[in-house]
Amino acid sequence: MALRKLVAGNWKMNGSRGALAELDAIAAAADGNPGLDVAICPPFTLIAPAVAAAPGLSIGAQDVHMAEKGAHTGCISAAMLKEAGARLAIVGHSERRADNHETDAEVRAKAEAAIAAGLTAIVCVGETEAERDAGRAVAVVEGQLDGSVPPQGKGDTLVIAYEPVWAIGTGRTPSIGDVGEMHAAIRGKLATLLGAEGAKVRILYGGSVKPDNAAELMAVADVDGALVGGASLTAAQFVPIIAGAASA
Ligand code: PGA
């Protein structure tokens with residue numbers, strides 16, 4: 001079953017108000033390709049200004065806290081994101097798993113909080129280079145899914161992003177065969193965890209998606225879109241990726 005593709009940009013800790021000028025052309029590309037979904041996840045401080053600048057575009061967050069509110073200095077709740085106009089929240093990005101020691105259980109709790117607040121959770125998984133070299137890539141990702149997929153996830157509230165850690169920001173990508181193998185394994189695991197609903201959950205590929213490889217990656221079976229870091233920062237790079245996904 002071909003699912004509606006989602007191309008999401010993750011600006012990470014980049015961008016200032018001036019960068020919102022990029023959203024004009026990105027929103028125009030989203031309008032021009034109504035057969036897929038386009039989202040941008042800027043830093044927290046730019047969520048509300050991004051929503052104001054591009055009301056038609058889906059704006060998301062890069063993280064969310066699992067608690068509704070309380071004594072968690074420096075953290076942001078799902079309700080706060082929703083109020084700011086966010087529609088999605090990335091959780092469990094490998095940079096947060098590494099930098100902030102986030103566990104699968106915490107990632108699942110964050111995804112549950114996002115869904116409970118009416119946001120779509122993008123749960124990130126992916127193996128390190130050492131794990132792939134050891135032949136453990138699929139087992140590692142399946143373990144992350146076991147621990148971090150929220151059981152109430154549905155096709156319209158949950159997205160999985162497969163991002164090999166060694167492909168992020170490096171210009172390297174897995175072979176098309178390896179991407180296909182991993183996405184098929186993720187689809188199988190989602191069926192085990194979520195039953196029939198697992199077939200409706202989109203599985204994005206992320207890690208060095210660029211204009212020149214987007215169409216090929218997006219054409220792989222069970223690749224239902226892309227999570228794009230560096231190449232989402234400018235419309236010049238991101239718009240051709242949207243077009244590549246639309247053509248796949
Ligand atoms: P990249 O990052 O596209 O810059 O490799 C992807 C990501 O971390 O989401």
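**A tour from strand β8 around the barrel to the ligand**

Begin by selecting strands β7 (residues 202–206) and β8, which run parallel and are joined by two bridges. The model on display is a predicted one. Within this pair, find Leu227 of β8 and look across to Gly206, which stands opposite Leu227.

Next, colour β8 by itself, residues 225–228. Gly225 and Leu227 point one way from the strand, Ala226 and Val228 point the other way, and all of them are buried.

Now add strand β1, residues 6–10. Its pairing with β8 is parallel and extends over four bridges. To locate the register, select Val7, whose bridge partner in β8 is Ala226.

Remain on β1 and show its side chains. Is this strand mostly covered or mostly uncovered? β1 is mostly covered, with five of its five residues buried. Leu6, Ala8 and Asn10 point one way, whereas Val7 and Gly9 point the other way.

From β1, move to strand β2, residues 37–41. Five bridges join these two strands, which run parallel. At Asn10 of β1, the residue standing opposite in β2 is Cys41.

Return to β7 and select strand β6, residues 158–162. β6 and β7 pair in the parallel sense over four bridges. A useful landmark here is Ile160, which has Ile203 of β7 as its bridge partner.

With these strands in view, display the whole set. What order do the strands follow around the closed barrel? The eight strands run β1-β2-β3-β4-β5-β6-β7-β8, with parallel pairing. From one strand to the next, the twist averages 25°. In general, strands of a sheet pair through backbone hydrogen bonds, in either a parallel or an antiparallel sense.

Finally, select the ligand and the residues that surround it. There are 13 of them, and the closest are Lys12, His93, Glu163, Gly169 and Ser208. By residue class, the shell divides into four nonpolar, seven polar and two charged residues.

Three contacts can be inspected in turn, each involving an oxygen atom of the ligand:

- Lys12: a polar side-chain atom of this residue lies 2.7 Å from a ligand oxygen atom.
- Gly169: a polar backbone atom of this residue is 2.6 Å from an oxygen atom of the ligand.
- Gly230: a backbone N or O atom of this residue lies 2.8 Å from an oxygen atom of the ligand.

To close the tour, switch on the protein surface around the ligand. On its own, the ligand has 280 Å² of accessible area, and the protein covers 97% of that area.

Notes:
Residues numbered from 1 in each chain as written. Predicted model: local features only at pLDDT ≥ 70, side-chain atom pairs only at ≥ 80, totals over all residues. Heavy atoms only, no water. Near = heavy atom within 4 Å. Polar contact = N/O pair within 3.5 Å; in protein donor to acceptor, adjacent residues only side chain to side chain. Areas by Shrake-Rupley, 256 points an atom, 1.4 Å probe, with all protein chains shown as cover. Nonpolar A, V, L, I, M, F, W, Y, C, P; charged D, E, K, R; others polar. Buried < 20%, exposed > 50% of the residue type's maximum accessible area, 1.4 Å probe, protein only. Pairing = 2+ DSSP bridges. Axes fitted to C-alpha atoms, helices over the stretch in contact; angles between N-to-C directions.
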